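Hi,

Here is the structure I promised to pass on. Have a look at it first, and my notes on what turned up are underneath.

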Amino acid sequence: MSLVVLASAQADQKVKNCNEVRTAYSSKGFNVNDVPNKGVHEFFRELLSNAEKSLNDMFVRTYGLMYVKNAELFEHFFSELRRYYSHGSSAVNLDDMLADFWTELLERMFRLVNVQYEFSDSYMECVSRHMEQLKPFGDVPRKLRLQLTRSFIAVRTFTRGLALMPEVVGKVSTVSASPSCVRAAMKMLYCPYCTGQVALKPCKNYCLNVMRGCLANQADLDTEWNNFLDSMLGLAERLEGPFNFESVMDPIDVKISDAIMNMQENSIQVSQKVFQGCGQPKPNMAFRTRRSPKDSGFPGRFRPYSPDARPTTAAGTSLDRLLTDVKKKLKHAKKFWSTLPDTVCVGERIAAGDECWNGTAKSRYESVVIGNGLANQVSNPDVEVDITKPDMVIRRQIAVLKEMTSRLKAAYTGTDISFVNEDAGSGEESGSGCDSPPCDSDGDIYFSTPAPNKPRVNKLQPNKQPSSGTRLAPFSLALAVTALLLALLTPHTR
C-alpha cells in the first residue's frame, strides 16, 4: 500500500471515527447539547416578564386610575429585579432596592388616604423613618425580601453554573495531543495496515491504555467536575423547594396587593401614629369634600388567588418540569472525563478476545490496564507521559470548577458570593500539551505524506507551521473530546 493511499485512508477513517464518537456518549444519556442553558435563562426572564404583566393587568382592573398614575413605581421595581437577575449585587443592592420600593409606596399611599392634608418633603421623610415601627404593610415586606433574595441568588448561580459547563469544555477541547500520544494512537490504529491486515482492530485493553495516556490530563478534571455537578444538583433541589423562583414570582402581584390592603385597612391607626410622631399636618385648602370614588385612593380588593391558575411560560413548561429534565442531564454527566477512554474503546472500534492488534502482532494484549489520571501514567506501557508537566489549561479549569462549586454551596444556604470579576469564565490560558520545538519538529512516518483530501483541522497559532502530523493530532483528540460533549449545552428543544 502506497503512502498516498494510506494517508487518504487515514483521513477517511478519522472522519468516520469522529462521527462515531459524536454519538458514543449520547447513547448513555449525556450530551452537551441536551442541557438547555440558554433555554433555562430565557425561562427565568420570561417568568419575570409574566409576573410584571400579571401585576399590571390585575392592578389596572382592581385599582384603576390610581394605579395607572403610579404605575412607574412598579415598572421600576421590575426593571430593578431584571437588572439584579442579569448583573447581581454589583448592579443592584436588592435589600436597598426593596426598602426604597416599600418606602416610596408608603409615601404615595399615605398621601392618598390623607388627601385632606398637605405634606411637605420633610414631613414625608419623618413618615419613612417610622416605617419599621409602623409596619403599615404587615409582614409582607420582610417575607418577600427573604423569598426574593434566596430565589434570585439560587437562580443566578444555577444558570451561571450551566453556562460554565460549555466554557470548561471549550477550553479543554483546545488542548492538543502530545507527539507521544500521536505516535501511540497511530501505531494502534494503522500499523496493522503495514502488514496488510487492514481489518484488524486494536485489543480493548490496548486501546484503553493508549487513550488513558492521551487523556491523562483530562481525567484529572473528574473529581472537581463531579463535585461541581453534585452542587448543581443540590441547588436544583433547592429551586424545586424553598427557593422556588416560580412560586415567588407568580403570586407576587397577590403579595403586593395584600400589603396594600393591609395599609388601607389600617390607614386610620397608621395615620394617627404618624401624626403623634411627626406632628399634625396642615389641612389641604384645595381639598374638596365631594370626590369621585375613582380618585379617593385604592378602592378595590384584589381577586382571590388560586394556585391552580398558575400560568405557564410560552415554552409550555413549569419550573418543576424544567428542573427535572436538567437534573437528569446533569446526573448523566457524572464521571464524564474519567470515562472518555471507555467511551472511545467500545463497539466496532475494538476487537474482543485474542483476535486483535496488541501493538506488535495479532495476539492477546498482555499488559495490565493502568488507571486514569496523570499520576498513573508513570507506568503506562504504550504512551510516554511526562507526569511532572500537567497541562496548565486543564489545571485552570480545575480551579474554575472549584470556585464555582464554592459559589453553588453558598447559594444553597441563600448566601451570595461576589467575585472580583463576575465575567471571569474559564480563564484565558491556552496550551498545546507539549513543548516547542518538539511539537513542531517531531516527525512521524504515518504523516509523512499529506492526504489528498485533507480533513478539517484546528486553528494554528500564528507564525507556526507544524507538520501535517501535528495538525492531525489536535484534530483527532480535541475533536473527539468536543464531540463527546457537544450535546449538553445548546438550547433544549421541546
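The side chains of Ser257 and Tyr63 are joined by a polar contact of 2.9 Å. Ser257 sits in helix α14, which runs over residues 252-265, and its relative accessible area is 0%, so it counts as buried. Do keep in mind that this is a predicted model.

For the overall picture, the protein has 20 helices and two strands. Of its 494 residues, 49% count as buried. The exposed surface comes to about 23,500 Å², and carbon and sulfur atoms supply 51% of that. If you take the contacts between residues at least 6 apart in sequence, 87% of them join residues at least 24 apart.

Next, the inside. The largest nonpolar core has 117 residues, and the members that touch the most others are Leu148 and Met249. Helix α8 (residues 140-172) is the top contributor to this core, with 14 residues. Leaving out residues up to four places away in sequence, Leu148 touches Phe77, Leu81, Leu94, Leu98, Val248, Met249 and Ile252.

Two of those partners of Leu148, Phe77 and Leu81, also turn up among the buried residues of α4. The other buried residues of α4 are Ala71, Leu73, Phe74, Phe78, Glu80, Tyr84 and Tyr85. I also checked the length of this helix: with 17 residues (71-87) at 1.5 Å a residue, α4 should span 24 Å, and its end C-alpha atoms are indeed 24 Å apart. After α4 comes Gly88, with a positive phi near 75 degrees.

Now the cysteines. There are four disulfides in the structure, and here are some details on three of them:

- Cys126 and Cys278 are joined with an S to S distance of 2.0 Å. The link is left-handed, with -90 degrees about the S-S bond. It connects distant parts of the chain, as Cys126 is in helix α6 (residues 121-129) and Cys278 is in helix α15 (residues 267-278), 152 residues apart. Cys126 is buried at 9% relative accessibility, and Cys278 is buried at 18%.
- Cys181 and Cys214 are also joined at an S to S distance of 2.0 Å. The torsion about this S-S bond is about 110 degrees, so the disulfide is right-handed. Cys181 belongs to helix α9 (residues 179-194) and Cys214 to helix α10 (residues 204-214), with their positions 33 residues apart in sequence. Cys181 has 5% relative accessibility and counts as buried; Cys214, at 11%, counts as buried too.
- Cys207 and Cys345 have their sulfur atoms 1.9 Å apart. Their link is left-handed, with -80 degrees about the S-S bond. Cys207 lies in helix α10 and Cys345 in the loop between α17 (340-344) and α18 (392-412), so this pair ties together parts that are 138 residues apart in sequence. Both cysteines, Cys207 and Cys345, are buried.

What about Cys191 and Cys194, and why is there no bond from Cys191 to its closest cysteine sulfur? The closest cysteine sulfur to that of Cys191 is in Cys194, at 5.3 Å, which is too far for a bond. Seen from Cys194, the closest one is in Cys191, so the verdict there is also that 5.3 Å is too far. As for exposure, Cys191 is buried at 15% relative accessibility, whereas Cys194 is exposed, with a relative accessible area of 58%.

Cheers

How values were computed. Residues are numbered from 1 along each chain as its sequence is written. This is a predicted model: local features need pLDDT of at least 70, side-chain atom pairs count only at pLDDT 80 or more; totals for chains, interfaces and linings use all residues. Side-chain values use heavy atoms; hydrogens and water are left out. A nonpolar core is a set of buried Ala, Val, Leu, Ile, Met, Phe, Trp, Tyr and Cys residues joined through side-chain atoms within 4.5 Å. Buried means under 20% relative accessible area, exposed over 50%, partly exposed in between (1.4 Å probe, protein chains only). Helices (H or I, at least four residues) and strands (E, at least two) are DSSP runs, numbered from the N terminus. Contact means heavy atoms within 4.5 Å. A polar contact is a pair of N or O atoms within 3.5 Å; within protein, one must be able to donate a hydrogen and the other to accept it, and residues adjacent in sequence count only if both atoms are side-chain atoms. The expected span of a helix is 1.5 Å times one less than its number of residues. Accessible areas come from the Shrake-Rupley method with a 1.4 Å probe; for residues, only the protein chains shown count as cover. A disulfide is a pair of cysteine sulfur atoms within 2.5 Å.
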